[in-house]
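Visitor: I should like to learn how the terms used for a protein structure are justified. May we begin with the structure itself?

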Amino acid sequence: MRNLLPILTVVATIFALWYGAAIALNAPWAKDKATRAGVELSFSELVADTWSQKKPKLPAPHQVGAEIWKTTGAMVLKGRGFSKRSLFYHSWVTFSATALGFLLGTILGTLLAIGIVYNRTMDMSVMPWVIASQTIPIIAIAPMIIVVLNAVGISGLLPKAMISMYLSFFPVVVGMVKGLRSPSAMQLDQVRTWNASAAQTFWYLRLPSSMPYLFTSLKIGIAASLVGAIVGELPTGAVAGLGARLLAGSYYGQTIQIWSALLMAAALAALMVGIIGMVQRYTLRRMGMA
Amino acid sequence: MVNALQEATGDLLHLGGPKVISAKDLSLTFQTNDGPVHALKDVSLDVHKGEFVSFIGPSGCGKTTFLRVMADLEQPTAGTITVNGTSPEEARRARAYGYVFQAAGLYPWRTIGGNVRLPLEIMGYDKAAQAERVKRVLELVELAGFEKKFPWQLSGGMQQRASIARALAFDADILLMDEPFGALDEIVRDHLNEQLLQLWANTQKTICFVTHSIPEAVYLSTKIVVMSPRPGRIADVIDSPLPRTRPLDIRDTPEFIEVAHRVRDGLRAGHEDD
């Protein structure tokens, strides 16, 4: 209960600001309509109009809520929860690209980190390239990746996953380099006194030591993966996925559809970060590191 | 010929064992931004089988560095050293010594048993041998029954005992200990010192022990090496007249106090040029 009140206060404040902003942003169009119809709007009529327009500049929360319900829960009730008009379907399409990209990004990031920790040449040379790769706007490079991969006959899930990977490997590299280097000089001396091989030092000491760092990176990485997958859906004119919903919504000025897709993406991100958080808590507690 | 014979018999008479560690004119200089630091300068010392040798001296006297050179964790810049008649590197590769650090350094994700088993897994002992050895050394340090506990469930003293068990698990003849009880309180320390002597008597190992504490050095050792800093060198080597079996109250005997005096004098002499 003690935690509930502050949370509710914040949520209420957000809703109040949102409704207020909806009035301010949608009022010109409401007045415009009234002028053309030759009627005078009272304040309450104006507010009612700004909260119920078909293509508002900023849809009100209940409009977005209704749209989300119409494309999720209502469709499930009708037994068509996974039809191509359902947000569940689009979320699933985006999620599958996100998950594959996240997996590839985690593998790539870990391999690069191992290279950086064990190889002096890579230590001196790779990091600047990794950082440079992240300074390029993903929206600029995404169409290139899709076109190039299409030219070599790869299309569908993989190009989106590659863009996803491009964003998610970075936090993994940074976190894992730090994590694999986290054993103390004493711990490294200790395995040396046992004459452990480099592989043994890695599996017995460095990798387990890096786990807290890995999980922190994974949380950032999965969120970046989702952004990558959505951005990857934009330039292809994809017909499915949350990115496609965003694009279609912006073509036809369907702001309510855009906002419902945005909120769905946020919920998906929260869900994925939450799952990783649970795995993290479980693993680190089992390892005595939490 | 006669000389060699005398030397050999001298060694035998000395403590009845062959040389396990032999350092001659050993020097180690670290190059730092503030110029060279002479961690060790012309250090010569023989450690015989079955001895308990303590290294005592103020910070910077090179006692830990000396131990690390024996363990092949540092490379000397001049002089020679042999461990079991070979180079320290060969001795390390042959797993000739167990090293106990100041911190227990147990892996939190492994049980006590798992931590003691770690070097055995690395060295490729089979499962049955691992289990048997873990059980034996945990009994040796009086930690039987704690095999399935995790390090955080044990006190600092128990953790350090587990780390000693880990160093004993693979039957190295030499035990190198770098201030293993430095971070523990006096009462725990007394208890562990007693246990360590018991363990030394039971296992016949050669022990090199770095410490800051005069009573600890005198209580434990058959030979006390007093070192002094800048440059790190040996100020005095004292062969203890105390018997091998030592109850804790031996620390009140005149012999004990006399040896402690000599150690203190040695430490003071090393500081005269400050």
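Guide: Let us start with two helices of chain A: the axes of α12 (residues 242-251) and α13 (residues 255-286) come within 8 Å and cross at roughly 160°. This is a predicted model, in which local features need pLDDT of at least 70 and side-chain atom pairs count only at pLDDT 80 or more, while totals for chains, interfaces and linings use all residues. Residues are numbered from 1 along each chain as its sequence is written, and chains are lettered from A and ligands numbered from 1 in the order in which they are written.

Visitor: What makes a stretch of chain a helix or a strand, and what is meant by an axis?

Guide: Helices (H or I, at least four residues) and strands (E, at least two) are DSSP runs, numbered from the N terminus. Axes are lines fitted to C-alpha atoms, for helices over the stretch in contact, and angles run from 0 to 180 degrees between N-to-C directions.

Visitor: Why are α12(A) and α13(A) called roughly antiparallel?

Guide: Angles under 35 degrees count as roughly parallel, over 145 as roughly antiparallel, 65 to 115 as roughly perpendicular and the rest as oblique. The axes of α12(A) and α13(A) cross at roughly 160°, so the pair is roughly antiparallel.

Visitor: Which residues of α12(A) and α13(A) meet?

Guide: Two residues are in contact if their C-beta atoms, placed from the backbone, lie within 7 Å. From α12(A) the residues are A:Leu242, A:Arg245, A:Leu246, A:Gly249 and A:Ser250, and they meet A:Thr255, A:Gln257, A:Ile258, A:Ala261, A:Met264 and A:Ala265 of α13(A). By class, this contact has six nonpolar, four polar and one charged residues; Ala, Val, Leu, Ile, Met, Phe, Trp, Tyr, Cys and Pro count as nonpolar, Asp, Glu, Lys and Arg as charged, and the others, Gly among them, as polar.

Visitor: How do you know that α7(A) and α11(A) are oblique to each other?

Guide: Helix α7 (residues 138-151) of chain A packs against α11(A) at an angle of about 60°, with the axes 9 Å apart. That angle belongs to none of the named ranges, and the two helices are therefore oblique to each other. Here A:Ile138, A:Ile139 and A:Ala142 of α7(A) meet A:Gly228, A:Val231 and A:Gly232 of α11(A). The residues of this contact divide into four nonpolar, two polar and no charged.

Visitor: What is the relation of α8(A) to α11(A)?

Guide: The axes of α8 (residues 157-180) and α11 (residues 211-233) of chain A come within 7 Å and cross at roughly 160°. These helices are therefore roughly antiparallel to each other. Their contact has 16 nonpolar, 10 polar and three charged residues.

Visitor: Why is B:Ala78 called exposed, and B:Asp25 partly exposed?

Guide: A residue is buried if 20 or more other C-beta atoms lie within 10 Å of its own, exposed if 12 or fewer, and partly exposed in between, with C-beta atoms placed from the backbone. B:Ala78, in strand β4 (residues 78-83) of chain B, has 12 such neighbours and so counts as exposed. B:Asp25, in strand β1 (residues 19-32) of chain B, has 13 and therefore counts as partly exposed. B:Ala78 touches B:Asp25 and B:Ser27, not counting residues up to four places away in sequence.

Visitor: What makes the backbone at B:Asp25 and B:Arg230 notable?

Guide: Most residues other than glycine have a negative phi, and most peptide bonds are trans. B:Asp25 has a positive phi of about 50° although it is not a glycine, and B:Arg230, likewise not a glycine, has a positive phi of about 45°. A cis peptide bond, with omega about -10°, joins B:Arg230 and B:Pro231. B:Pro231 lies in the loop between β8 (223-228) and β9 (233-239) of chain B.

Visitor: What makes a set of residues a nonpolar core, and which residues have the most contacts inside the largest one?

Guide: A nonpolar core is a set of buried Ala, Val, Leu, Ile, Met, Phe, Trp, Tyr and Cys residues joined through C-beta atoms within 7 Å. The largest has 80 residues, and those with the most contacts inside it are B:Met70, B:Tyr97, B:Ala165, B:Leu176 and B:Cys208. Helix α6 (residues 156-168) of chain B gives the most to this core, with six residues.
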